[in-house]
Amino acid sequence: MKKIYLARHATTHYPKQNQQDRDRPLTEKGLNEASWLSKKMSDVSPSIIITSSAVRAMETSAVIKKTLDRGIELKSFPELYLAAPQIIYKTLIELSDQHTTIVLVGHNPGLSQFLFDISGPNSENTALQRIYGGLPPAGYGILKSTSTVWADLTKENTELEHIYFPGE
């Protein structure tokens with residue numbers, strides 16, 4: 001069985017003049033959201049945190065890693081920056097099968113669309129309905145798949161268990 005915690009990065013600053021979108025850091029609110037997110041995941045035992053290479057995603061991931069730090073690997077994937085659902089899927093199916101539980105930190109709209117696309121027929125209806133508006137900053141979803149290998153991850157063997165929004 002595979003378990004995936006898909007989180008959107010926390011709130012970030014608006015870009016400064018001549019600042020690249022990829023380089024925007026978290027705001028104070030974003031740091032608080034990332035802290036909430038890490039505490040909400042405190043009982044999660046991932047073997048790896050995979051993240052977009054954007055500063056805001058890396059900062060969110062670092063807060064999560066600090067809270068969960070049980071020798072968890074943190075790996076940045078530049079292709080996850082503003083990734084379409086197909087790129088997120090490709091990243092997941094190429095993971096080593098030694099990883100059974102992972103955290104992935106990324107961006108909307110691709111992250112929310114991926115959650116919706118991969119959620120099979122046994123998914124929690126309320127959770128699916130919440131995805132329509134998109135994950136807010138620091139929101140996350142929990143996916144559970146009966147697949148034992150990442151390459152076999154499909155809508156038919158994956159269900160959305162729950163969606164969390166900051167403060168819940």
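Helices and strands here are DSSP runs, numbered from the N terminus, with at least four residues for a helix and at least two for a strand. With that in hand, let's walk through this predicted model, starting with its sheet.

**The sheet**

Picture 6 strands lined up in the order 3-2-4-1-5-6, making an open sheet with mixed pairing. Strand 3 and strand 6 (158-164) sit at the edges with a single partner strand each, so one side of each has no neighbour in the sheet. Going from one strand to the next, the twist averages 20°. As background, strands of a sheet pair through backbone hydrogen bonds, either parallel or antiparallel.

Take strand 2 (residues 48-52): strand 2 and strand 3 are paired in the parallel sense, over 5 bridges. Within that pairing, I50 stands opposite K75 in strand 3. Helix 2 packs on the sheet here, touching strand 2, strand 3 and strand 4, and its direction makes about 165° with that of strand 2. Then there's helix 4, which lies across strand 1 (2-8), strand 4, strand 5 and strand 6 and runs at about 150° to strand 1.

**Two helices that meet**

How do helix 1 and helix 2 pack? Helix 1 (residues 28-40) and helix 2 (residues 55-68) make an angle of about 40°, and their axes are 8 Å apart. Angles from 35 up to 65 degrees fall outside the roughly parallel and roughly perpendicular ranges, and helix 1 and helix 2 are therefore oblique to each other. The crossing of helix 1 past helix 2 is right-handed. On the helix 1 side, A34, S35, L37, S38 and K39 do the touching, and they meet T60, V63, I64, T67 and L68 in helix 2. Sorted by class, that contact has 5 nonpolar, 4 polar and 1 charged residues.

**Backbone oddities in the loops**

Most residues other than glycine have a negative phi, and most peptide bonds are trans. Here are some spots that go the other way:

| Spot | Backbone value | Loop |
|---|---|---|
| L82 | phi near 50° | strand 3 (73-77) to helix 3 (85-93) |
| N108 and P109 | cis, omega about 5° | P109: strand 4 (101-106) to helix 4 (110-118) |
| A138 | phi about 70° | helix 5 (125-131) to strand 5 (140-145) |

Are L82 and A138 buried or exposed? L82 is partly exposed, with a relative accessible area of 45%. A138 has 0% relative accessibility and counts as buried, because the cut-off for buried is under 20%.

Technical notes. Residues numbered from 1 in each chain as written. Predicted model: local features only at pLDDT ≥ 70, side-chain atom pairs only at ≥ 80, totals over all residues. Heavy atoms only, no water. Axes fitted to C-alpha atoms, helices over the stretch in contact; angles between N-to-C directions. Parallel < 35°, antiparallel > 145°, perpendicular 65-115°, else oblique. Left-handed = near helix turned anticlockwise from the far one by under 90°. Contact = heavy atoms within 4.5 Å. Nonpolar A, V, L, I, M, F, W, Y, C, P; charged D, E, K, R; others polar. Buried < 20%, exposed > 50% of the residue type's maximum accessible area, 1.4 Å probe, protein only. Pairing = 2+ DSSP bridges.
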